[in-house]
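I opened my notebook to record what I looked up, one topic at a time.

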Amino acid sequence: QGHHRPSRSPPPPPPPLGTRPDLAPRSLSACAALPARRRAQSAGVHPFTHEGKNTVEAPRGPPIMTSHDATWHAGISRIHTFVTSSGAKTRAVQAAGIEIIKTVKLPASLLPPSAIAEANFKEERSKGSFAARAGSNPVSPLFGSNNGPPVPPAPLLEGPASPRRSGAPAHRFISLTSHAAQFSVSPLPVRWGAAEPASRGAVVATLAHPQHRNAIGTHNGPYAVYRAVGIAKQIIDPSRPLDLQSTEPVVTIGPYPSWYNADAIVALDPWGAMVSAPDSALSTAARARGVSVQPSIAISRFEARMPEIVEALREGRLSADGTILREGGVVSCIKASIEPVWHLPGIARRFKLDEEALRRKLFEHTGGMFPELVTRADLEIFLPPINGLTIYMVGDVATIPDPDAPLVVRLHDESYDAELFGSHASTGRLWLVYGIEECVRAAQAGGCGLIVYARQEGNALGEVAKFLVHNARAKSQQGSDVRQREEETERVTGAADVRLYELCADPLLWLGISRIHT
């Protein structure tokens with residue numbers, strides 16, 4: 001049932017790192033050879049249950065550090081020219097024992113004044129923060145230990161206070177919320193598809209009040225790991241709520257009838273841009289309990305400039321109007337960044353799966369990362385740790401739900417190689433630029449154009465898998481045959497394509513779209 005068996009007495013805390021020769025900094029391979037118990041001890045982990053409640057003691061002591069993985073994997077010991085303006089990056093590479101002969105920066109003549117001021121500010125800030133975290137002379141553990149004191153444990157999420165046994169040492173505990181019947185678990189109500197904001201309620205995936213969370217997972221997708229490390233390094237205070245003043249959307253989207261259909265939108269929270277407003281009825285219950293909520297959608301203004309658009313102006317395929325498209329190839333638009341928020345019952349119906357089977361496979365094939373998937377049937381909302389999507393809206397956003405207004409839509413899947421570096425292995429950038437041109441024409445005709453940019457690199461198989469397939473194709477004798485390419489992909493990765501096309505219409509329904517002209 002997920003309960004920890006109480007131990008008779010807590011294990012003694014480990015001695016300080018400097019007094020344990022067996023915990024001296026070592027390579028990853030040496031750590032891997034340690035028996036399981038010694039590996040746990042070297043990380044300072046001591047499971048302990050107090051008063052029979054579902055709690056585990058937090059890890060103690062500094063973790064074993066590793067080298068600068070990327071540069072050491074490449075066998076680098078000296079860099080002749082390091083192209084960067086970041087002092088923090090320079091010091092981090094040098095701390096890994098890599099010699100840098102010289103650094104070069106982007107010439108100031110190519111930067112706008114605002115970028116120069118920002119770079120100077122970041123440099124000054126990084127000097128102080130790096131010195132505070134690493135000491136005056138940071139050294140890689142491969143070459144010796146830092147003489148500075150270890151970083152003390154970061155503040156943890158605290159559960160309700162519980163009395164300690166008489167004479168027991170003070171320990172800090174993390175309250176688990178993996179079972180609905182546990183003490184203090186009281187998720188805030190949320191009704192997916194409800195017509196009234198107050199009845200619908202806000203998705204609570206923030207971490208300050210774990211007992212009131214009504215969602216599995218947390219915000220920021222894979223970037224949540226960076227935040228966790230930032231908290232461990234004490235550069236983020238987890239107890240400080242986010243200050244969302246003046247972050248409201250630059251335009252209002254919705255609500256539309258599709259928001260009130262629990263089966264229409266299942267892969268994002270249609271109310272995700274509105275929850276943080278001070279007067280939002282969605283967050284009434286959360287505010288009453290002092291629970292902070294966080295937007296899963298942010299809407300801002302954006303200007304894009306691409307060489308291909310400049311070329312289209314020069315060749316006459318497009319014409320500047322001074323507002324939507326300006327001289328110099330600048331395209332003005334609205335952008336919306338959307339985190340994935342899955343309503344698991346609706347997701348299961350969309351995929352024609354049994355919800356219990358879906359939850360189980362999500363649990364098993366993420367390495368057991370989210371036990372609530374199989375232990376908390378009362379939680380219907382899941383924030384998967386995957387990248388979301390961005391919508392770029394060119395033209396009058398108010399015309400998007402109008403079925404008679406010109407509307408162009410390009411559903412686009414990212415491709416780093418083609419879009420950033422011009423690789424001919426993919427036609428991604430060609431499609432992207434062509435879609436932007438069509439969006440500009442629709443906007444200039446009184447409508448709107450949309451680029452829905454989904455981060456599903458390599459057919460959602462990932463970049464490592466994508467490069468493995470590239471290698472297999474390069475050694476094949478069948479060239480660029482499409483069928484052979486799919487067969488090679490399936491042979492290497494187990495599937496030719498796992499993109500979730502069943503969910504691609506959700507952002508369109510969020511915008512109230514019922515008809516696409518082009």
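Which residues line the largest cavity? I kept in mind that I was reading a predicted model, and I found the lining to be made up of Thr 177, Pro 210, Arg 213, Ala 215, Glu 372, Arg 376 and Leu 379. When I sorted the residues of this lining by character, I had three nonpolar, one polar and three charged. I noted a volume of about 50 Å³ for the largest cavity, and my search of the whole structure gave four cavities of 30 Å³ or more.

Next I turned to aromatic rings, and a search of the whole structure gave me seven aromatic pairs. In one of them, Trp 342 and Phe 382, the ring centres are 6.3 Å apart and the planes stand at 80°, so I entered the pair as edge-to-face, for which the planes must be over 60 degrees apart. This pair links distant parts of the chain, since Trp 342 belongs to strand β9 (residues 342–343) and Phe 382 to strand β10 (residues 381–383), 40 residues apart. I wrote down Trp 342 as buried, at 8% relative accessibility, and Phe 382 as buried too, at 2%. I also saw that ring pairs join Tyr 256, Trp 259, Tyr 260 and Trp 271 into a cluster.

My last entry concerns Glu 488, which I located in helix α16 (residues 482–493). Is Glu 488 buried or exposed? Its relative accessible area is 14%, and because the limit for buried is under 20%, I recorded Glu 488 as buried. Its side chain is joined to that of Arg 491 by a polar contact of 2.7 Å. Leaving aside neighbours within four places in sequence, I listed Ala 472, Arg 473 and Ser 476 as in contact with Glu 488.

Notes:
Residues numbered from 1 in each chain as written. Predicted model: local features only at pLDDT ≥ 70, side-chain atom pairs only at ≥ 80, totals over all residues. Heavy atoms only, no water. 1 Å grid on protein atoms, 1.4 Å probe; cavity = no way out; pocket = protein on both sides within 12 Å on 5 of 7 lines; lining within 4 Å. Points joined across faces, edges and corners; volume = space filled by probe spheres on them. Nonpolar A, V, L, I, M, F, W, Y, C, P; charged D, E, K, R; others polar. Helix = DSSP H or I, 4+ residues; strand = E, 2+ residues; numbered from the N terminus. Buried < 20%, exposed > 50% of the residue type's maximum accessible area, 1.4 Å probe, protein only. Polar contact = N/O pair within 3.5 Å; in protein donor to acceptor, adjacent residues only side chain to side chain. Contact = heavy atoms within 4.5 Å. Phe/Tyr/Trp six-rings, centres within 6.5 Å; stacked < 30°, edge-to-face > 60°.
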